Every structure is written in structure tokens, then in C-alpha cells.
Amino acid sequence: MEQAVETLLHGREFKQLLESKILEIREKYGLRKIDVEILYYLYRFREQDTSKDIRAAYMFTKGHISQSVEHLQQMHLLVAVPDQKDRRRVHLHLTAAAEGIVCSIEKMWEDMTAVIFEGITEQERDTLHTIAAKMTKNMEKALTATQKQKETDANGI
């Protein structure tokens, strides 16, 4: 695999850039990295608003999510609302107090996106999105096959 593609897939530079951009927000509002990511996730994906949804998107542990949600509730940035039909589900909603923080996070993402895509044409961006979607589908297919094989092996079939 080409080094540039491997670097893109591993995202080391992306993670470093994100850390440097997010640090100001973290310090200004007294947040941890996971807090910022959860706030922005809930802002972007309002319909997918449970801890389980967050875990699926970010692969955080239940414990980390739980600690962050508790911290954000104590800061009055989140409220937890039990589901009307299923008491096991709890929906997480941003409060009005979170609006300024979320605006700062959104601006940071826009600035970072501008840096990352500088000098890249719209056509190149479209091509990248198409290729990334295909690669993701291939990886999901391989992971599903691996999981099925593990289940088959575990069942002795």
C-alpha cells in the first residue's frame, strides 16, 4: 500500500491536527476531548442521540461515554431524557448552554476542513468521497465475514 494512502487511513496527521485545533476549545470550556466529540456528535446527529449510538460511531467504551455524559450533565450542557416507549433507552439532548460551545466546535471543524482540502478541487473531493465510501464498504464486508467465521468456529461448525 502506498505510504500516502496508509497515512490517510491511519489518520495520524489528522489526529494531531484535530488535537491542536481542539485544545483551545477544551481549555476555554473545561472539557475533555471525549466531551467535545460527544457534544459535536449530538449536534450533528440529533436523531441518533443515545449512548449506544455514540458508541457505534466512535467506538468509545461504555464507561468513557458514561463518565463524559455525567460530566456534561454536571456542566448543564446535556440532559438525559428517558424514552417514552422503552425505559431502557435514554436520549441525550444538548441544552441552550451548549450552543456557544457547539458553535465554537463547528467553526473549528470548518477551519480544519478548509486546511485539509486546500488546493483540492471539487471533482477531486467527490472522487475522494466515492473512493472512501467504497473502501468503507469493503472493510465492513471483511469485518462481517470475519465475525461470521468466528461465530462458526465458536459453534464448532
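A salt bridge, as the term is used here, is a side-chain nitrogen of Lys or Arg within 4 Å of a carboxyl oxygen of Asp or Glu. With that in hand, we can walk through this structure, which is a predicted model.

Let us start with the charged pairs. The whole structure holds eight salt bridges. One of them joins arginine 26 to glutamate 19, with 3.8 Å between N and O. That distance falls within the 4 Å limit, so the pair qualifies. Arginine 26 has a relative accessibility of 24%, so it counts as partly exposed. Glutamate 19 is also partly exposed, because its relative accessibility is 32%. This pair does not stand alone: Glu19, Arg26, Lys33 and Glu37 are linked in a network of salt bridges.

Two other pairs are worth finding on the model. Arginine 12 and glutamate 13 form a salt bridge in which the closest N and O atoms are 2.6 Å apart. Arginine 12 is exposed, at 52% relative accessibility, while glutamate 13 is partly exposed, at 36%. Further along the chain, arginine 88 forms a salt bridge with aspartate 86, and here the closest N and O atoms lie 3.0 Å apart. Arginine 88 has a relative accessible area of 74% and is exposed, whereas aspartate 86, with 21%, is partly exposed.

Next, turn to helix 5, which runs over residues 62–74. How far apart are its end C-alpha atoms? They are 18 Å apart, and this agrees with the 18 Å that 13 residues should span at 1.5 Å a residue. The buried residues of this helix are Ile65, Ser68, Val69, His71 and Leu72. Looking down the axis of helix 5, you would find these buried residues within an arc of 160 degrees, so they line one face of the helix. A general feature of helices helps to picture this. An α-helix has 3.6 residues a turn, so residues three or four places apart point the same way.

What does the buried side of helix 5 pack against? Its buried residues pack against helix 3 (33–44), helix 4 (51–58), strand 1 (78–82) and strand 2 (90–94). On the face turned away from that buried side sit the exposed residues Lys62 and Gln74. After helix 5 comes histidine 76, with a positive phi near 65 degrees.

Now for some empty space. The second largest pocket encloses about 170 Å³. Which helix gives the most to the lining of this pocket? That is helix 2, with six residues. Helix 2 (12–29) and helix 6 (99–116) each supply at least two residues of the lining. If you would like to trace the pocket on the model, look for Ser20, Lys21, Glu24, Ile25, Lys28, Tyr29, Ser104, Met108 and Asp111, which line it.

Our last stop is glutamate 122, which belongs to helix 7 (residues 122–154). Is glutamate 122 buried or exposed? Its relative accessibility is 54%, so glutamate 122 counts as exposed. For a sense of distance, compare its place with that of tryptophan 109: the two are 13 residues apart in sequence, and their C-alpha atoms are 18 Å apart in space.

Definitions and conventions
Residues numbered from 1 in each chain as written. Predicted model: local features only at pLDDT ≥ 70, side-chain atom pairs only at ≥ 80, totals over all residues. Heavy atoms only, no water. Helix = DSSP H or I, 4+ residues; strand = E, 2+ residues; numbered from the N terminus. Expected span 1.5 Å × (residues − 1). Buried < 20%, exposed > 50% of the residue type's maximum accessible area, 1.4 Å probe, protein only. Arc of directions from axis to C-beta. Contact = heavy atoms within 4.5 Å. 1 Å grid on protein atoms, 1.4 Å probe; cavity = no way out; pocket = protein on both sides within 12 Å on 5 of 7 lines; lining within 4 Å. Points joined across faces, edges and corners; volume = space filled by probe spheres on them.
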